[in-house]
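Student: I have a chain to go through and would like to discuss its sheets and its nonpolar core. Can we take it step by step?

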Amino acid sequence: MQAIDIMTPKVVSVGPDAQVREIAQLLLKHRISAVPVVDSEHRVIGIVSEGDLMRRVKGDGDHRDSWWLSLFTAGKDAGDYVKSHGRKAHEVMTPNPMTVEENTPLHTIARMLEKHHIKRVPVLRDGKLVGIVSRANLLQGIANAAVAPTQSPTDDRQIRESILNEVEHNTGVHVEGISVIVDGGAVEVWGLVESLEQKQAVTVAAENVPGVTQVENHLGMMPRGVGYM
């Protein structure tokens, strides 16, 4: 399996001049923990995570370096100030994040996340953003690949795309919050929705796609406004 088989498509992203308040609202609305920052050509130039935003709510007195240590950290305060007080995405983002191509194998992505201690990685096609793979996506993909039968990857990808399109356009469920994995026509769905009705709608949407042999719906429920993952 490759990045394209497990990634979350329809990625929520922002431009470099997006306001921090807008970014925080997007994280809450879509129950995600980070958004890629893209330029006018949809190329990834950075990523803003909940950790980047948390810098803004830490008290100024939480930690101060001793006077002698500050002699060896010239310029650090300016960078920290921008990160903690910036109002736009390009000011608070982590620049030049790690990325992968859509055909990157899962084991390569796993090593990358572990080596660089990151939780997610944007997926590119011809240099442009087409998806994002999180640790949760990766674990679900690995678990599924270990037990599921094998079918043409192309067929499975077509089934997956059809399910996501059906869910997005007809059920009211935000596809940014769910992960769909298809292997040999067997479908597994993970993530969070807002109600039992939405969970059932996803199952029905998947069952009605030609080529689907079975559907395992592992979606959890979290009413809007309770929190995000």
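Tutor: The questions below deal with two sheets and then the core of this predicted model.

Student: Which strands stand at the edges of the sheet with the order β1-β2-β3?

Tutor: This open sheet has 3 strands with antiparallel pairing. Strand β2, residues 44–49, is joined to β3 by 2 bridges, and G46 stands opposite P95 in β3. Two strands have a single partner each, so one side of each is left without a neighbour in the sheet: β1 (34–38) and β3 (94–95).

Student: In the sheet with the order β4-β5-β6, what is the bridge partner of V121?

Tutor: The pairing in this open sheet is mixed, but β5 (residues 120–125) and β6 run antiparallel, with 6 bridges joining them. The bridge partner of V121 lies in β6 and is V133.

Student: Which helix packs on that sheet, and what angle does its direction make with that of β5?

Tutor: The helix is α6, residues 106–116, which touches β4, β5 and β6. Its direction and that of β5 make an angle of about 135°.

Student: Which element gives the most to the largest nonpolar core?

Tutor: That core has 18 residues, and I163, V167, I178, V180 and V187 touch the most other members. At least two residues come from each of β7 (178–183), β8 (186–193), α9 (196–207) and α8 (153–170). With 4 residues, the element that gives the most is α8.

Student: Beyond four places away in sequence, which residues does V167 touch?

Tutor: V167 is among the core residues that touch the most other members. Leaving out residues up to four places away, its contacts are G172, V173, V175, I178, V202 and A205.

Technical notes:
Residues are numbered from 1 along each chain as its sequence is written. This is a predicted model: local features need pLDDT of at least 70, side-chain atom pairs count only at pLDDT 80 or more; totals for chains, interfaces and linings use all residues. Side-chain values use heavy atoms; hydrogens and water are left out. Two strands pair if DSSP finds at least two bridges between them. Contact means heavy atoms within 4.5 Å. Axes are lines fitted to C-alpha atoms, for helices over the stretch in contact, and angles run from 0 to 180 degrees between N-to-C directions. A nonpolar core is a set of buried Ala, Val, Leu, Ile, Met, Phe, Trp, Tyr and Cys residues joined through side-chain atoms within 4.5 Å. Buried means under 20% relative accessible area, exposed over 50%, partly exposed in between (1.4 Å probe, protein chains only).
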